[in-house]
Amino acid sequence: MNAPLQSRDRAQERAALTLLIAAPRGFCAGVDRAIEIVERALERYGPPVYVRHEIVHNRYVVDSLKAKGAVFVEELDSVPDGAPVVFSAHGVPKSVPAEAGRRGLDYLDATCPLVSKVHRQAERQIEAGRHIVFIGHKGHPEVIGTMGQVPDGTMTLVETVAEVEALEFPADQPLAFLTQTTLSVDDTRAIVVALRDKYPHVVGPKAEDICYATSNRQAAVKAIAPDSDLVLVIGAPNSSNSLRLVEVAERCGTDARLIQRASDIRPEWLDGVETVGLTAGASAPEELVREVVEQLSQWRTVEEHTLVTTEEKMVFKLPRQLLD
């Protein structure tokens, strides 16, 4: 390649790139609390500390805790007698702490308090004699945990408006609804409207159970996506709230991609792109945001702008066992 072509390529590579960074983004209070529970357990008990399922849906976080001595397992069968165990932020069925208690395991519950609130609501609705329609994603750990709070057959899962329309409850059957905390705000609103239209007597919470952090991060993406040519969402492919951020950006008419690390970004994604929006799901640490900024700066001259849509000040208390 001759010198003029090389110079032109270099100039193109270093062309200006406006970077719109969403705020709030990244860790929420529930994730902060869950990670701190594992870290404090390691300090108190010493490694290994066992964790049932990923403490949060982020490989970087999980690997960092593994390096400190956390051992992640799928079920309690893999936890040795006498070992400390932590339950993930997504919550667990009642059968899990019951089994831990039966075995005499020293366990810590890192369930997000907002998820625990949904668990309590489910119990109250069943006590009131209502069948629960639960809006959520089949197979997600939070859904499994919530449905495991009540007797089998007392809760029905729906994911779409079409599934609401297919319900066949008698018109006079007492009903209530609850929602997974990490859903799309817009999708959930449509499903709730369909449910109320079909069953006007259905009882719901004062506000949908979608957590403040999920709602805030979706609102922040709506603020940056219309002015972006591409939105990058840092999060895991099994992270519900991160996947919803991609969907929110796409519904704004903007191309969006889910990445786990900066190394996932392909240079050709930036072809013809002048403005990139950047956010992170509630399980992604700020280190990964800075890693992406540094990677983009290797290819283009980046001008950063942070768009703040709200301030978050929520803090959740740690379990009593770790405060003694």
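Let's start with one pair of residues: F134 has L157, in strand β7, as its bridge partner. Before we go on, please keep in mind that this is a predicted model.

So where does that pair sit? Strand β6, residues 131-135, runs parallel to β7, and four bridges join the two. Strands in a sheet pair through backbone hydrogen bonds, in either a parallel or an antiparallel way. Here we have an open sheet of three strands, paired in parallel, in the order β7-β6-β8. The edges are β7, at 155-158, and β8, at 175-179, and each of these pairs on one side only. If you look at how neighbouring strands sit against each other, they are turned by 25° on average, ignoring direction.

Now let's add the helices. Helix α5, residues 113-127, packs on this sheet and touches β6, β7 and β8. Its direction makes about 175° with that of β8. Then there is helix α8, residues 185-198, which lies across β6, β7 and β8 and runs at about 180° to β8.

Between β8 and α8 there is a loop, and T181 has its place there. Is T181 buried or exposed? It is buried, because its relative accessible area is 4%, and the cut-off for buried is under 20%. Which residues does T181 touch, if we leave out those up to four places away in sequence? They are L114, V115, V118, E142, D209, I210, C211 and T214.

Let me step back for a moment to the whole protein. The secondary structure comes to 11 helices and 12 strands. The C-alpha trace spans about 75 × 55 × 35 Å along its principal axes. There are 324 residues, and 49% of them count as buried. Let's look at contacts between residues at least 6 apart in sequence: 76% of these join residues at least 24 apart.

Next, the empty spaces. We can find where such space is left by rolling a probe the size of a water molecule over the atoms. The largest pocket holds about 440 Å³ of space. It is lined by 20 residues, and the closest to its centre are R33, D109, T111, S116 and P319. Two elements give two or more residues to this lining, namely β5, at 106-109, and our friend α5. Which element gives the largest share of the pocket lining? That is α5, with five residues. So the helix that packs on the sheet also turns up here. As for the character of the pocket lining, eight residues are nonpolar, five are polar and seven are charged.

Finally, the cavity. How many cavities of 30 Å³ or more does a search of the whole structure find? The search finds one. The largest cavity has a volume of about 250 Å³. Its lining is made of 21 residues, with C28, V31, H90, T182 and N241 the closest to its centre. Three helices each supply at least two residues of that lining: α2 at 29-45, α9 at 212-224 and α10 at 240-251. By class, the cavity lining has nine nonpolar, 11 polar and one charged residues.

If you want a route through the model afterwards, begin at F134 and its partner L157, go on to α5 across the sheet, and then visit the largest pocket, where α5 lends five residues to the lining. Thanks for listening, everyone!

Conventions. Residues are numbered from 1 along each chain as its sequence is written. This is a predicted model: local features need pLDDT of at least 70, side-chain atom pairs count only at pLDDT 80 or more; totals for chains, interfaces and linings use all residues. Side-chain values use heavy atoms; hydrogens and water are left out. Two strands pair if DSSP finds at least two bridges between them. Axes are lines fitted to C-alpha atoms, for helices over the stretch in contact, and angles run from 0 to 180 degrees between N-to-C directions. Contact means heavy atoms within 4.5 Å. On a 1 Å grid over the protein atoms alone, a cavity is a set of points where a 1.4 Å probe fits but cannot get out, and a pocket is an open set with protein on both sides within 12 Å along at least five of seven lines; lining residues have an atom within 4 Å of a point. Grid points are joined across faces, edges and corners, and a volume is the space filled by probe spheres set on the points. Ala, Val, Leu, Ile, Met, Phe, Trp, Tyr, Cys and Pro count as nonpolar, Asp, Glu, Lys and Arg as charged, and the others, Gly among them, as polar. Buried means under 20% relative accessible area, exposed over 50%, partly exposed in between (1.4 Å probe, protein chains only).
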